[in-house]
There are 2 protein chains.
Amino acid sequence: MSPLIVDIHTHVYPPAYMEMLRARKSVPYVHDPANGTDPRLIILSSDDDPSIPLDERGRPVDSSYWNIEVKLAFMRRHGINCSVISLANPWLDFLEPEEAQTWAQRINDDLENTCARVNKAGDPDKSLALHEKESLFAFGALPLSAPRADIVVDEIKRLKTLPHLRGVIMGTSGLGKGLDDTQLDPVWGALQDTESVLFLHPHYGLPDEAFGGSDAMNRYGHVLPLALGFPLETTIAVTRMLLAGVFDRFPRLKILLAHSGGTLPFLAGRIESCIHHERKFVANGGDVPGPQRNVWDVLKTNIYLDAVVYGTAGLQAAMAASGTDRLLFGTDHPFFPPLDDKEGEWPSVTTNYKAIHATFDNDGGAAAAVLGGNAARILDLN
Amino acid sequence: MSPLIVDIHTHVYPPAYMEMLRARKSVPYVHDPANGTDPRLIILSSDDDPSIPLDERGRPVDSSYWNIEVKLAFMRRHGINCSVISLANPWLDFLEPEEAQTWAQRINDDLENTCARVNKAGDPDKSLALHEKESLFAFGALPLSAPRADIVVDEIKRLKTLPHLRGVIMGTSGLGKGLDDTQLDPVWGALQDTESVLFLHPHYGLPDEAFGGSDAMNRYGHVLPLALGFPLETTIAVTRMLLAGVFDRFPRLKILLAHSGGTLPFLAGRIESCIHHERKFVANGGDVPGPQRNVWDVLKTNIYLDAVVYGTAGLQAAMAASGTDRLLFGTDHPFFPPLDDKEGEWPSVTTNYKAIHATFDNDGGAAAAVLGGNAARILDLN
């Protein structure tokens, strides 16, 4: 029996989402070139440059982004039995308040239907074990720009009624003010009460000045914002949650952090030390409450980490911080495809496989747990 | 025989530096309150608020910053035999071009004299081994704002003639444009040729917007900029050096990174993956040279890491990335003192001791190497 391999970090732009983006004329939007080549996704304001012909603006989104058959072929090529698909950034952050609820429902229903269709096709025999069939589950998207938090709460509750939904994916802006915004408390409460996993994922990065301004950024393409900006965005977001006491008020919140926590496992000790030395906090004589729970406790109780960190150094830190039983394999598909042949093995995937085997193969069943067992248990995949 | 313990991350504002800051009227400057309390250091523009009385502006710098006797007492209390002292940030980055050289020479001579005085007092018998005597060495400061790079080069060469200088400390701004500035090549060349270790240390952090703006920053005091901004600044700086090919042009450069590399060990795999997927680089068909050497090779060949990371998770990543023989104990004294009794043991120091022992005690002589053996070998302390 081959090992069960579950990919919990794998993105889609489902048909309903593409349809929504095609109907838009401002960023983000999708434009279909007249010559019939792949649709263009104009995702950043800087992409929407009027001096560039519309047919060449933004980036092409090939079928790997929106055709589930392409993802299934990718899964087969890489030995992945099961994927927990999620909407790619920027999710629904940009929607007008009045349309957020409708689109969230349509897109989440679309995800449910895709999973149901694949699972039925792949599993005519209900007795087939997860690692022998091909299956899909999904993280839903939330209507965070809706006019009232109870609309978000309602969608979280509704997602629990969809058979293949296993939690939600969210960026770091929350209701627009970051994840330490107390207006988010009803959302945290609903996620906790429904025992939904929140997959926290970066999109906004860091200001250009952090990297030396646009000159330095242009010189190195996407390396600085993707390699450093994304992980820091995640780290800042979850640290702000911690500092604002979100994990004190919602001690059973379950958060899966993209890219092995950004840099949280590595910086946890420094964060804890800085908290202990901060005079502003009540515990140190100041007037700001400050966090009650220790960052290491949160890492081992509330946090799950994907294993998308491309090396043993990151995995060692993730393991020391959260424990092997909280680490979950992922690919980040369809991002980071090979620059030449997309039909072969993807180095972005094999690098993570190799790092997991190098780190965990001599540690009992740890490799199997990281590759799939943990995901099946934590997300109740069956 | 007690183990040799060397602190390679420990800062001073030597008398000549305090004198220079006292003579200044713009940030950074030192003001002595009329009531005879500790001098105030006004280090940030935001500290220099005219609505605050001058006597209360900025932060007090007590004697631990400028009196070497206080550092020696701190060393004795924590079992440290030897310290490699360095100027605290912002070093000499702010000096007018015409005065940079003179002040650099005066301050470096001041550091040399302090070390010579202590070493002579602590070691009347030249045959006494390093771990049985009390000794000081120093990293020098560079006149980076000087009008010509050859002035910086001259100071690097002059430092080699001072018996207790063991390299230089530098921030991330270089000549004002970051460390990927090709104008720095003569400096890298001089450091490589003289086999001087460069201690790279953060000061500028990240823009406030990265943390959600001044509101979020005020809420949490110094936690976000110190715990996250500082480490990212270091990571960005060294990644820009890598991307610009500095380690290709100067393959024998030796750089000691503060705070265990910021987040470099954790993010190295992601950096390497992003480089391999960046179409801008020549290796991938683009027109920008891009780095030739692999980040893991640089981490094991050019990089040393201090062990100031406050936990086993960070140390595990540092060890996996650069190797146990490149990790060096440090304290960050006089920063992060206890909020109550500065005369006892400092938790910021004992946290690092505990993490080192927990990580390396079962690994042969690894703990002793990290605590002092590596520093003695790498910096030629005797």
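Which residue is the bridge partner of B:Leu305 in strand 11 of chain B? In this predicted model, the partner turns out to be B:Leu327. The two strands involved, strand 10 and strand 11 (residues 327–328) of chain B, pair in the parallel sense over 2 bridges. On the confidence side, chain A averages a pLDDT of 95, and 99% of its residues score at least 70. The model as a whole comes with an ipTM of 0.97 and a pTM of 0.97.

Staying with strand 10 of chain B (residues 303–306), both of its faces are covered. B:Ile303 and B:Leu305 sit on one side, B:Tyr304 and B:Asp306 sit on the other, and all of them are buried. As a rule, side chains in a regular strand alternate between the two faces of the sheet. Strand 10 of chain B also has strand 9 (residues 254–257) of chain B as a partner, the two running parallel and joined by 3 bridges. Here B:Leu257 is the residue standing opposite B:Leu305. B:Leu305 is thus matched with B:Leu257 in strand 9 and with B:Leu327 in strand 11.

Chain A gives the wider view of the sheets. Eight strands, or 8 in the order 1-5-6-7-8-9-10-11, make up an open sheet with parallel pairing. Strand 1 (6–12) and strand 11 (327–328) of chain A have a single partner strand each, so they stand at the edges with one side left without a neighbour in the sheet. Inside that order, strand 9 (residues 254–257) and strand 10 (residues 303–306) of chain A run parallel and are joined by 3 bridges. One of the pairs puts A:Leu256 across from A:Tyr304 in strand 10 of chain A.

A second open sheet in chain A has 3 strands in the order 2-3-4, and its pairing is antiparallel. The edge positions go to strand 2 (29–31) and strand 4 (59–60) of chain A; each has a single partner strand, so one side of each lacks a neighbour in the sheet. Strand 3 (residues 40–42) of chain A is tied to strand 4 of chain A by 2 bridges, running antiparallel. A:Leu41 has A:Arg59 in strand 4 of chain A as its bridge partner.

The loops hold some backbone oddities worth a look. In chain A, the peptide bond from A:Asn89 to A:Pro90 is cis, with omega near 5°. A:Pro90 lies in the loop between strand 5 (82–87) and helix 3 of chain A, and A:Pro90 is buried, at a relative accessible area of 8%. The C-alpha atoms of A:Pro90 and A:Pro28 are separated by 8.4 Å, with the two positions 62 residues apart along the chain. Chain B has a cis peptide bond joining B:Asn89 and B:Pro90, where omega is about 10°. B:Pro90 is placed in the loop between strand 5 (82–87) and helix 3 (97–122) of chain B.

Positive phi turns up at non-glycine residues too. A:Glu195, with phi of about 55°, lies in the loop between helix 5 (185–193) and strand 8 (197–200) of chain A. A:Glu195 is exposed, with a relative accessible area of 54%. B:Asp332 has phi of about 70° and belongs to the loop between strand 11 and helix 12 (347–360) of chain B; B:Asp332 is buried, at 3% relative accessible area. Another loop residue, A:Leu128, sits between helix 3 (97–122) and strand 6 (135–141) of chain A and is partly exposed at 28%. A:Leu128 is 254 residues from A:Asn382 in sequence, yet their C-alpha atoms are 9.6 Å apart in space.

As for disulfides, the structure holds 0 over all chains. B:Cys82 is in none, and the nearest cysteine sulfur, in B:Cys115, is 8.8 Å away. That distance is too far for a bond, a disulfide here needing sulfur atoms within 2.5 Å. Both cysteines are tucked away: B:Cys82 is buried at 0% relative accessible area, and B:Cys115 is buried at 0%.

Finally, the cavity search finds 4 cavities of 30 Å³ or more. The largest cavity holds about 50 Å³ of space. Its lining includes B:Trp91, B:Asp93, B:Ile169, B:Met170 and B:Gly171. By residue class, that lining divides into 7 nonpolar, 1 polar and 1 charged.

Definitions and conventions:
Residues numbered from 1 in each chain as written. Chains lettered and ligands numbered in written order. Predicted model: local features only at pLDDT ≥ 70, side-chain atom pairs only at ≥ 80, totals over all residues. Heavy atoms only, no water. pLDDT = per-residue confidence, 0-100. 1 Å grid on protein atoms, 1.4 Å probe; cavity = no way out; pocket = protein on both sides within 12 Å on 5 of 7 lines; lining within 4 Å. Points joined across faces, edges and corners; volume = space filled by probe spheres on them. Nonpolar A, V, L, I, M, F, W, Y, C, P; charged D, E, K, R; others polar. Buried < 20%, exposed > 50% of the residue type's maximum accessible area, 1.4 Å probe, protein only. Pairing = 2+ DSSP bridges. Helix = DSSP H or I, 4+ residues; strand = E, 2+ residues; numbered from the N terminus.
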